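The exercises below are to be worked with the sequence and the coordinates at hand. Each task is followed by a solution in steps.

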Amino acid sequence: MTERISSVETIDVRFPTSVHRDGSDAMNPFPDYSAAYVVLRTSAGAEGHGLVFTVGRGTEIQVAAVRSLAAMVVGQPVDELTADPGALARRLVGDSQIRWLGPEKGVVHMAAGGLVNAVWDLAARRAGKPLWKLLADLTPEQLVGQIDFRYLRDALTEDDALALLRRAGDGRADRERRLRAEGYPAYTTTPGWLGYDDEKLARLCAEAVRDGYRLIKLKVGGNLADDVRRMGIARRAVGPEIRLAVDANQIWGVPEAIRWMRELAVFDPYWIEEPTSPDDVLGHAAVRAALAPIRVATGEHVHNAVMFKQLLQADAVDVVQIDACRVAGVNENLAILLLAARFGVPVCPHAGGVGLCELVQHLAMFDFVALSGSTDDRAIEYVDHLHEHFVDPARVSAGRYLAPTAPGMSAEILPASLAAFRFPDGPQWAVAAAGASTG
């Protein structure tokens with residue numbers, strides 16, 4: 001009998017990271033790292049796992065969006081889905097009624113990505129390969145067939161994409177050997193959360209250098225005097241040779257971003273991330289022109305490939321930051337990687353939230369092996385939070401991500417963690433609610 005998707009389960013899972021200000025920044029002072037967690041099950045007993053990262057309240061809305069799309073997945077033949085996830089991605093993104101709620105942005109777009117990523121996880125498990133390897137083993141023609149070029153052809157055509165992928169064919173086997181032996185560069189945001197005190201900032205910066213990181217990121221934008229003090233502490237802790245990046249998390253308007261960063265320029269910031277609204281292409285271009293040689297980085301809230309196209313066309317970005325859960329899954333991220341390669345801009349993926357390190361490492365490693373062929377000025381963000389909840393957690397050693405070897409996209413959360421942190425009825429949240437009622 002034909003194996004089919006028999007069910008889609010979506011779980012609201014939340015971790016109380018706000019208690020210790022883990023993840024805190026100027027725009028998100030008390031986040032609870034959370035996810036709409038997706039499990040596809042097949043009639044033969046196989047599973048595919050995906051998730052959509054959130055930061056607490058509103059996760060129930062993301063769960064509802066996934067459930068609204070799930071009917072388009074249940075009953076589908078597994079062989080067809082896993083052979084061509086791009087066809088599913090186009091169906092989910094293009095649904096004529098649900099699309100109205102985007103289009104191709106926000107909650108419904110992210111929901112499509114959660115389902116698409118779960119299909120890719122299922123495909124990689126069936127192939128017995130980690131996702132980065134499954135993608136790298138596809139032919140240029142197969143990869144191009146996974147991408148919707150409708151809104152991209154003024155910047156990237158199918159022929160352009162094929163040329164980029166074919167050019168990367170030389171040396172691919174050697175790069176795969178290097179990846180397996182040496183891993184992929186990481187940078188860390190662990191020391192830099194805005195809610196940490198000065199002693200913790202200095203201690204964690206020094207530890208990061210000892211652990212092999214060459215790039216450390218700090219959150220900024222709460223108070224200028226505090227930022228000047230904290231940047232001085234970090235620079236003294238790491239010395240002049242370590243790169244320090246800063247992240248404003250969209251808190252500023254364009255003139256304020258320029259004024260604020262000129263005050264921080266004395267500390268030699270490597271990039272300013274999300275200096276203003278993620279939708280403001282011309283604003284990013286203005287900030288970049290005013291602050292050079294400080295680089296401008298963005299991407300974690302850029303909601304689709306069209307926005308990335310415009311940022312690149314407008315010379316508005318020096319560092320592209322893809323996110324595994326913001327756009328509509330692996331397929332759209334392949335398009336963004338190809339756009340970045342077409343414009344010669346390095347990719348430093350955003351990660352750190354629930355599962356983001358686990359998922360996005362596969363995309364960056366595919367990019368190195370089969371597309372860009374380089375790790376120069378590239379690194380994947382790493383934050384040392386919540387990895388213990390995953391079956392195949394991201395692994396970092398000496399400042400480098402180690403290549404996953406287990407089949408899949410590394411998205412599976414341990415059953416015990418799902419049970420404990422399910423919202424609102426998991427035991428961890430029941431304890432928290434009881435404490436709040438008696439406090």
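**Exercise 1.** In this predicted model, which kind of contact do the side chains of Glu176 and Arg180 make?

*Solution.* The side chains of Glu176 and Arg180 meet in a salt bridge, with 3.2 Å from N to O, which falls within the 4 Å limit that defines such a contact. Next, consider their place in the chain: both belong to helix α8 (residues 172–182) and are four residues apart, so that about one helical turn separates them. Glu176, at 14% relative accessibility, counts as buried, because buried means under 20%, whereas Arg180, at 45%, counts as partly exposed. Finally, salt bridges that share partners join Glu176 and Arg180 with Lys129, Lys133 and Asp137 into one network.

**Exercise 2.** Find the salt-bridge partners of Arg125 in Asp121 and Glu412, and locate each along the chain.

*Solution.* Begin with Asp121, whose salt bridge with Arg125 has its closest N and O atoms 2.7 Å apart; both residues lie in helix α4 (residues 106–127), four residues apart. Asp121 is buried, with a relative accessible area of 0%, while Arg125, at 30%, is partly exposed. Then turn to Glu412, which meets the side chain of Arg125 in a salt bridge of 3.0 Å, N to O. This pair links distant parts of the chain, since Glu412 sits in the loop between β12 (400–401) and α16 (415–421), 287 residues from Arg125.

**Exercise 3.** Determine how strand β6 (residues 243–247) pairs with β5 and with β7.

*Solution.* Strand β5 (residues 215–219) pairs with β6 in the parallel sense over five bridges, and Leu218 stands opposite Val246. On β7 (residues 269–273), the pairing with β6 is parallel over three bridges, with Val246 opposite Ile272.

Methods:
Residues are numbered from 1 along each chain as its sequence is written. This is a predicted model: local features need pLDDT of at least 70, side-chain atom pairs count only at pLDDT 80 or more; totals for chains, interfaces and linings use all residues. Side-chain values use heavy atoms; hydrogens and water are left out. Two strands pair if DSSP finds at least two bridges between them. Helices (H or I, at least four residues) and strands (E, at least two) are DSSP runs, numbered from the N terminus. Buried means under 20% relative accessible area, exposed over 50%, partly exposed in between (1.4 Å probe, protein chains only).
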